[in-house]
Amino acid sequence: MEGQPMREKTYHLYLNEEERSRVIQSLIELKNNLAAQGRYTDAVDDTVLHQVLQIAVDDDFIRNNPSDNVLRELKKAHCFQSEKRRALTKLEQELFLNFMKTHPVYEHWYPVFAVMIGTGLRVGEVTGLRWCDIDMESGMIDVNHTLVYYDHRTEGSKSGCYFNVNTTKTPASMRQVPMLGFVKEAFEHEKQKQEDLGLHCEVTIDGYTDFIFINRFGQAQHQATLNKAIRRIIRDCNDEQFLHSDEPDVLLPHFSCHSLRHTFTTRMCEAGVNIKVIQDALGHSDISTTLNIYADVTKEMIAAEFKGLDSYFKV
């Protein structure tokens, strides 16, 4: 039918009318809820939509997931461009971590952001970590679920926003990640801080409790709070740099939690770590995702290496 959205055509091929109507209505409600909160982006199509439909498959509402690989192909076909994430440079990373570690106002944020930078875990994977998911003796982190926070309101209900524990983004995301030395220290720092302050996890979410990263009320952390903290850290860190110099050598750029995952990937690529090891550590189901990041980092490294070489070739 002329003018019919491509996405609805795709659903029609896989679903009967009743199933199709239920799915589309649920997606419309989800989109409206996210748009009202200013949280609807292209990423919603690629991740939330896929997960919603996968739940429908698991619950036997539909036979298969119509969004499998479709959205990726649509984006390629229409040349949709997403903003390229920028990793922190080594100097920016060092400034970020050192500022938090030594600042009386922000030192309590150091462990969670150090773990993000040193593991490449997704935000929900980090905030969902429990003490039983990490083995300090073997130095391994077991990633087996993710914590999500979203609006559950439906017509006639005012239950609002709250957490749920979900399976990881893909089966490949179920993985074990080794701890780097500073990551292990960050976990130890967090445990000691909670013992000193008498903090304990006070929340149980879908049967999961004893979360590692909690706020002062013993509740789980979520992405919005972490991103707000990053913005304040950037502001105060850069202000401090300008107090020391009118032209600071390094300033923190604007970035978000996900930039820390990209930073981890970049450090791995710079260190020459095997691409398959990087893929497994990040939990990428498709190695092309890892290869694309690797290619970008390699280009930047080549450009950096070529800087200053001009004088060597001049006769």
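**Exercise 1. Arginine 235 and aspartate 236**

Is aspartate 236 buried, partly exposed or exposed? Work this out for the predicted model, then treat its salt-bridge partner in the same way.

Solution.
- Step 1. The relative accessible area of aspartate 236 is 24%.
- Step 2. Buried means under 20% and exposed means over 50%, so aspartate 236 is partly exposed.
- Step 3. The partner in the salt bridge is arginine 235, and the closest N and O atoms are 2.8 Å apart.
- Step 4. Arginine 235 has 45% relative accessibility and therefore also counts as partly exposed.

**Exercise 2. Salt bridges within helices**

Describe the salt bridges placed in α10 and α11, and state the exposure of each partner.

Solution.
- Step 1. In helix α10, arginine 267 and glutamate 270 are three residues apart, which means a separation of about one helical turn.
- Step 2. Their side chains meet in a salt bridge with an N to O distance of 2.8 Å.
- Step 3. Arginine 267 counts as buried because its relative accessibility is 17%, whereas glutamate 270, at 28%, counts as partly exposed.
- Step 4. Helix α11 covers residues 275-282 and holds both lysine 276 and aspartate 280, four residues apart, about one turn of the helix.
- Step 5. The side chains of lysine 276 and aspartate 280 form a salt bridge at 3.0 Å, N to O.
- Step 6. Lysine 276 is partly exposed at 41% relative accessibility, and aspartate 280 is partly exposed at 42%.
- Step 7. Elsewhere, Arg122, Glu125 and Arg175 are joined into one network by salt bridges that share partners.
- Step 8. The whole structure contains eight salt bridges.

**Exercise 3. The largest nonpolar core**

Which residues of the largest nonpolar core touch the most other members, and which element gives the most to this core?

Solution.
- Step 1. The core has 41 residues; those touching the most other members are Phe96, Met100, Trp109, Phe113, Met116, Ile141 and Phe187.
- Step 2. At least two core residues come from each of α5 (90-102), α6 (110-119), α7 (123-127), β2 (140-143), α8 (181-197), α9 (223-244) and α10 (257-270).
- Step 3. With seven residues, α6 gives the most to this core.
- Step 4. Take phenylalanine 96 and set aside its neighbours within four places in sequence: the contacts are Leu88, Phe113, Ile117, Ile233, Leu252, Phe255 and Leu260.
- Step 5. A second, separate core has 10 residues, including Leu199, Val203, Ile205 and Ala220.

**Exercise 4. The setting of α6**

How many of the residues of α6 are buried, and what follows the helix?

Solution.
- Step 1. List the buried residues of α6: Tyr110, Pro111, Val112, Phe113, Ala114, Val115, Met116, Ile117, Gly118 and Thr119.
- Step 2. This makes 10 of the 10 residues of α6, so the helix is largely enclosed by the rest of the structure.
- Step 3. Glycine 120 follows α6 and has a positive phi, near 75 degrees.

**Exercise 5. Strand β2 and its partners**

Identify the strands that pair with β2 and sort the residues of β2 by face.

Solution.
- Step 1. Strand β1 (residues 134-135) runs antiparallel to β2 and is joined to it by two bridges.
- Step 2. Isoleucine 134 has isoleucine 141 as its bridge partner in β2.
- Step 3. Four residues lie between the strands of the β1 and β2 hairpin, where glycine 139 has a positive phi near 70 degrees.
- Step 4. Strand β5 (residues 175-178) is also antiparallel to β2, with four bridges between them.
- Step 5. Valine 143 is opposite arginine 175 in β5.
- Step 6. The covered face of β2 consists of Ile141 and Val143, and the uncovered face of Met140 and Asp142.

**Exercise 6. Positive phi outside glycine**

Where is aspartate 206 placed, and what is its phi? Do the same for aspartate 210.

Solution.
- Step 1. Most residues other than glycine have a negative phi.
- Step 2. Aspartate 206 has a positive phi, near 50 degrees, and is placed in the loop between α8 and α9.
- Step 3. Aspartate 210 lies in the loop between α8 and α9, with a positive phi of about 60 degrees.
- Step 4. Aspartate 206 counts as partly exposed at 47% relative accessibility; aspartate 210 is partly exposed with a relative accessible area of 38%.

Notes. Residues are numbered from 1 along each chain as its sequence is written. This is a predicted model: local features need pLDDT of at least 70, side-chain atom pairs count only at pLDDT 80 or more; totals for chains, interfaces and linings use all residues. Side-chain values use heavy atoms; hydrogens and water are left out. A nonpolar core is a set of buried Ala, Val, Leu, Ile, Met, Phe, Trp, Tyr and Cys residues joined through side-chain atoms within 4.5 Å. Buried means under 20% relative accessible area, exposed over 50%, partly exposed in between (1.4 Å probe, protein chains only). Contact means heavy atoms within 4.5 Å. A salt bridge is a side-chain nitrogen of Lys or Arg within 4 Å of a carboxyl oxygen of Asp or Glu. Two strands pair if DSSP finds at least two bridges between them.
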